[in-house]
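Please find below some notes on the model, set out point by point. They are meant to be read with the structure open alongside.

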Amino acid sequence: MSTKLVFGAWIDELQAFAAETRNRLLIATPWIKYSAAQLLLQSLPSSRNINVRLIARFEVDDFLSGSSDLQLFYPTLPSRSDFRVRAMRNLHAKIFISDDRSIILGSANLTEGGLYRNQEAMIQSHDTVVVAEACNLFEQWWGASAELPQ
């Protein structure tokens, strides 16, 4: 059970986290950009079909301001993954869970600012109790989040 602090430009940490995923990647982030999602999905192992579930905000102002990209909510991302998206109002947490065995939790959104420019701080943990609690929370949010209109 290891825990470490991740800070600053953390794209390398996120890509390594994704590369270790074998079955399932869960993401909760209010704001997400297409280019950041591409980097993350391209880091997943190419030999696996990975289930990716994303919960994000789905608010008009976020798209108009450029905080998030609408095209992510109706994905055409080339991927070897099963990529599903749901919307949750008032989401502010940032949680990344790999295979129910590792989490990254902290301040960074899945945007260029969150990956490269902002002063971010994240905790990465393999603590089984913390990971299980994060998985339970994500599942609660998934159940409470909305499917997107077609």
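1. I begin with a loop residue: at 66% relative accessibility, Asn90 counts as exposed, because the threshold for that class is over 50%. Asn90 sits in the loop between β4 and β5, and its phi is near 65°, a positive value in a residue other than glycine. As this is a predicted model, the backbone at this position deserves a look by eye.

2. Asp99 makes a useful companion to that residue, since its phi is likewise positive, near 55°, and it too is not a glycine. Asp99 belongs to the loop between β5 and β6, where these two strands form a hairpin with three residues between them. At 16% relative accessibility Asp99 counts as buried, because the limit for that class is under 20%.

3. The sheet as a whole is open and consists of seven strands in the order β1-β7-β6-β5-β2-β3-β4, with mixed pairing. Its edges are formed by β1 (3-7) and β4 (82-87), each of which pairs on one side only. On average, and with direction ignored, neighbouring strands of this sheet are turned by 15° against each other.

4. Within that order, β5 pairs with two strands, and both pairings are antiparallel: four bridges link β5 (residues 94-98) to β2 (residues 24-28), and five bridges join β5 to β6. On the β2 side, Ile27 has Phe96 as its bridge partner, while Leu26 stands opposite Ile97. On the β6 side, Phe96 stands opposite Ile104.

5. How many of the five residues of β5 are buried? The count is five of five, so far as the computed accessibilities go. Both faces of the strand are covered, with Lys94, Phe96 and Ser98 buried on one side and Ile95 and Ile97 buried on the other.

6. Helix α5 (residues 128-144) lies across β2, β3 (51-56), β4, β5, β6 (102-106) and β7 (121-125), and runs at about 70° to β3. The helix has 17 residues and reaches 24 Å from its first C-alpha to its last, close to the 24 Å expected at 1.5 Å a residue. At its start, a side-chain oxygen of Asp127 comes to within 2.9 Å of the backbone nitrogen of Val129.

7. Which residues of α5 are buried? They are Val131, Ala134, Cys135, Phe138, Trp141 and Trp142. Seen down the axis of α5, these residues fall within an arc of 125°, so they line one face of the helix. What covers them includes β2, β3, β4, β5, β6 and β7, whereas the face turned away from the buried side carries the exposed residues Val129, Glu133, Gln140, Gly143 and Ala144. The general background is that an α-helix has 3.6 residues a turn, so residues three or four places apart point the same way.

8. Helix α1 (residues 11-19) can be described in similar terms, with Ile11, Leu14, Phe17 and Ala18 buried. These residues cover an arc of only 125° around the axis, which puts them on the same side of α1. They pack against β2, α2 (34-42), β5, β6, α4 (112-117) and β7.

9. Arg53 lies in strand β3 and, at 6% relative accessibility, counts as buried. The side chain of Arg53 makes a polar contact with that of Glu139, at 2.4 Å, and a colleague may wish to inspect this pair directly. Setting aside residues up to four places away in sequence, Arg53 touches Arg24, Leu25, Leu26, Ile27, Arg84, Phe138, Glu139 and Trp142.

10. Finally, Ser125 is found in strand β7 and counts as buried, with a relative accessibility of 4%. The Ser125 side chain makes a polar contact with the side chain of Thr3 at 3.2 Å, and it also reaches the backbone nitrogen of Asp127 at 3.0 Å. With neighbours within four places in sequence left aside, Ser125 is in contact with Ser2, Thr3, Arg101, Ser102, Ile103 and Val131.

Key
Residues numbered from 1 in each chain as written. Predicted model: local features only at pLDDT ≥ 70, side-chain atom pairs only at ≥ 80, totals over all residues. Heavy atoms only, no water. Pairing = 2+ DSSP bridges. Axes fitted to C-alpha atoms, helices over the stretch in contact; angles between N-to-C directions. Contact = heavy atoms within 4.5 Å. Buried < 20%, exposed > 50% of the residue type's maximum accessible area, 1.4 Å probe, protein only. Arc of directions from axis to C-beta. Expected span 1.5 Å × (residues − 1). Polar contact = N/O pair within 3.5 Å; in protein donor to acceptor, adjacent residues only side chain to side chain.
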